[in-house]
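Me: I am new to reading protein models. Please take me through one part of this one closely, and then show me what surrounds that part.

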Amino acid sequence: MRRPTGRLLAIWAVTSAVVTLLGPLAGLLWAAVAPKVTYVVVQGEALLAQPEDQGPITIDARFALIAAVAGIACGAVAYLAGGRDNDSALLLGLAVGGAAAAVLAWKTGNLVGLGHFEDVVRHGRDGTTVTGVADLRAKGLLTSWALPAVAVYGLLELVVRRLPAGDLGDAGAGEADEVGGGELDLESAPAGRDVDGRER
């Protein structure tokens, strides 16, 4: 039995909203664990104090790790909390919510300390050093939340294999070759008898 469209839309909306709300929390965590990168002020611009510093790359890598772990957790929880006939709504919710959560994580983490950083860059004399803020340079990493979430959901479906849509889950003859339930439930005849039970 198919779920009403309104219910599927509600499942999609709730899933998207819950996943999206996790974004700012992930952003705060990212800002807390991001390595401190030192910049030097030159003519009102912030330049890396050590151009060979790997700090900016590490910042991107930690964002990707946090987003991926969050996505994996969201995908697993959504699958365990969902049920048959919810798959399309849950997958869409994970994709939309994951994308929104990643953007919010980036923006939230970037805001931590941003005001002080910009003030020093704007008013500091040449040679002034300042610690940078968490910023994402590889914008493609914004998919690091949604893709793992959808992938884990799909992987769990392959491993667990919920009953196929249209199978009502009833035990007994005909279960393996049920077409659509009700009148179309095809039963296999017992040995030596037809479906009605009469001897051949």
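Reply: Let's begin at a hairpin. Strands E1 and E2 form it, with two residues between the strands. Gln43 in this hairpin takes a positive phi near 50 degrees. Keep in mind that this is a predicted model.

Now look at the two strands themselves. E1 covers residues 38-42, and it pairs with E2 in the antiparallel sense over four bridges. To find a matched position, go to Val41, which stands opposite Ala46 in E2. A general point helps when you look at side chains here. In a regular strand they alternate between the two faces of the sheet.

The hairpin belongs to a wider sheet. That sheet is open, has three strands, and runs in the order E2-E1-E3 with antiparallel pairing. Its edge strands are E2 (45-48) and E3 (129-131), each of which pairs on one side only. From one strand to the next, the twist averages 40 degrees. A helix packs on this sheet: H4, residues 114-123. H4 touches E1, E2 and E3. The direction of H4 makes about 165 degrees with that of E3.

Next, turn to the helices H1, H2 and H3. Two packed helices are described by the angle between their axes and the distance between the axes. Use that pair of values each time.

Start with H1 and H3. H1 spans residues 5-33, and its axis comes within 6 Å of the H3 axis. The two axes cross at roughly 25 degrees. Angles under 35 degrees count as roughly parallel, so H1 and H3 are roughly parallel to each other. H1 passes H3 in a right-handed crossing. The residues of this contact divide into 19 nonpolar, 11 polar and no charged.

One residue is worth a stop: Thr20, found in helix H1. The side chain of Thr20 reaches the backbone oxygen of Ser16 at 2.6 Å. Set aside the neighbours of Thr20 within four places in sequence, and Thr20 is in contact with Gly97, Ala100, Ala101 and Leu104.

Now take H1 with H2. They pack at an angle of about 145 degrees, and their axes are 10 Å apart. Their crossing is right-handed. From H1, the contact uses Val19, Leu22, Ala26, Leu29, Trp30 and Val33. From H2 come Ile59, Arg62, Phe63, Ile66 and Cys74. By class, the residues of the contact of H1 with H2 are 10 nonpolar, no polar and one charged.

That leaves H2 with H3. H2 covers residues 55-81 and H3 covers residues 87-111. They pack at about 155 degrees, with axes 11 Å apart. Angles over 145 degrees count as roughly antiparallel, so H2 is roughly antiparallel to H3. The crossing of H2 and H3 is right-handed. On the H2 side, Phe63, Cys74, Gly75 and Ala78 take part. They meet Leu90, Leu94, Ala102, Ala105 and Trp106 in H3. This contact has eight nonpolar, one polar and no charged residues.

To retrace the route, go back to Gln43 in the hairpin of E1 and E2. Then follow the strand order E2-E1-E3, and find H4 packed on the sheet.

Technical notes. Residues numbered from 1 in each chain as written. Predicted model: local features only at pLDDT ≥ 70, side-chain atom pairs only at ≥ 80, totals over all residues. Heavy atoms only, no water. Axes fitted to C-alpha atoms, helices over the stretch in contact; angles between N-to-C directions. Parallel < 35°, antiparallel > 145°, perpendicular 65-115°, else oblique. Left-handed = near helix turned anticlockwise from the far one by under 90°. Contact = heavy atoms within 4.5 Å. Nonpolar A, V, L, I, M, F, W, Y, C, P; charged D, E, K, R; others polar. Pairing = 2+ DSSP bridges. Polar contact = N/O pair within 3.5 Å; in protein donor to acceptor, adjacent residues only side chain to side chain.
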